[in-house]
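Let's take a look at how the inside of this chain is put together. Have the sequence and the coordinates open while you read.

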Amino acid sequence: MTTSSQVSLLGRRAVLALGLTVLLSACGFHLRGSNGSFMLPFATMYIGLPDTSPLAIGLKRYIRAIGSTEVVSTKDGADAVLEVLNDPERNRTKTILSLNKNGRVQEYQLGYSINFRVLDKEGNQLLAPTTISLVRPITFDESQVLAKETEEAALYRDMRNDLVQQIMRRLAAIKPVLPAMSVAPVAPVTPVAPAPQQ
């Protein structure tokens, strides 16, 4: 295959990909949650994190922005309780990823994880214990310690925002258990046999 025919083939593929993209966006196709919003299947929700937790603040702000679910301050009567089994602020990690030729740290790996579950008001488990773990590499330079500390804080903030998005996806995917019927079911109708013709 000649070079010009390879370029021509690549050009046709690019045009085809662009055309499909335009066609899909024109018909209103979106991946679920691709516009950044997730509808939650409960009217009220309690977040089991301290009010000062940056993750709690991010989750509550996100849920309130959706508008369909109210964040309540106590778990009593909440349709869903997000129970945090380990606080991500205490589970932040920073491990050495690589060393330079002089044996000094060249790169770290930052880690951020949460383990949580979701219960309904009766204590039934709507979502089994779920762990979300995120990692980000960061280079290190002794001559730029302050700049690297700022970059590290920004990476943890980015991971926290990513964590909020992933938690919201899992919450939106929950299928709540229907409550027991509060009224007696209607008695079954007995079919009436047709009257004999005379």
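What follows covers the nonpolar core, one helix and the aromatic rings.

Keep in mind that this is a predicted model. Start with the core. The largest nonpolar one holds 36 residues, and Met45, Ile167 and Leu171 touch the most other members. Who supplies it? Two or more residues each come from β1 (44-48), α2 (54-66), β3 (80-86), β5 (105-120), β6 (125-139) and α3 (145-172). The largest share, nine residues, belongs to α3. As a rule, nonpolar side chains in soluble globular proteins tend to be buried together.

Pick out leucine 171 and see what it touches. Beyond its neighbours within four places in sequence, leucine 171 is in contact with Leu40, Pro41, Phe42, Met45, Leu82 and Val118. One of these partners, Met45, is itself among the residues that touch the most other core members.

Now for α2. This helix has 13 residues and spans 19 Å from first C-alpha to last, close to the 18 Å expected at 1.5 Å a residue. Its buried residues are Leu55, Ala56, Gly58, Leu59, Lys60, Tyr62 and Ile63. What do they pack against? The buried residues of α2 meet β1, β2 (70-71), β5 and α3. Just after the helix, glycine 67 adopts a positive phi of about 90°.

On to the rings. The aromatic pairs number two, and here is how they compare in geometry.

| Pair | Centre to centre | Angle between planes | Type |
|---|---|---|---|
| Tyrosine 108 and phenylalanine 140 | 5.7 Å | 80° | edge-to-face |
| Tyrosine 112 and tyrosine 156 | 6.2 Å | 55° | tilted |

Tyrosine 108 sits in strand β5 and phenylalanine 140 in the loop between β6 and α3, so that pair links parts of the chain 32 residues apart. Is each ring buried or exposed? Tyrosine 108 counts as buried because its relative accessibility, 16%, is under the 20% cut-off. Phenylalanine 140 is partly exposed, at 28%.

The tilted pair joins strand β5, through tyrosine 112, to helix α3, through tyrosine 156, so it ties together parts 44 residues apart in sequence. Tyrosine 112 is buried at 1% relative accessibility, and tyrosine 156 is buried at 4%.

Two of these rings also have a charged side chain over the face. Arginine 92 lies over tyrosine 156, at 4.0 Å from the ring centre. Lysine 94 lies over tyrosine 108, at 4.5 Å from the ring centre.

Methods:
Residues numbered from 1 in each chain as written. Predicted model: local features only at pLDDT ≥ 70, side-chain atom pairs only at ≥ 80, totals over all residues. Heavy atoms only, no water. Core = buried A, V, L, I, M, F, W, Y, C linked by side-chain atoms within 4.5 Å. Buried < 20%, exposed > 50% of the residue type's maximum accessible area, 1.4 Å probe, protein only. Helix = DSSP H or I, 4+ residues; strand = E, 2+ residues; numbered from the N terminus. Contact = heavy atoms within 4.5 Å. Expected span 1.5 Å × (residues − 1). Phe/Tyr/Trp six-rings, centres within 6.5 Å; stacked < 30°, edge-to-face > 60°. Lys NZ or Arg CZ within 6 Å of the ring centre and 35° of its normal.
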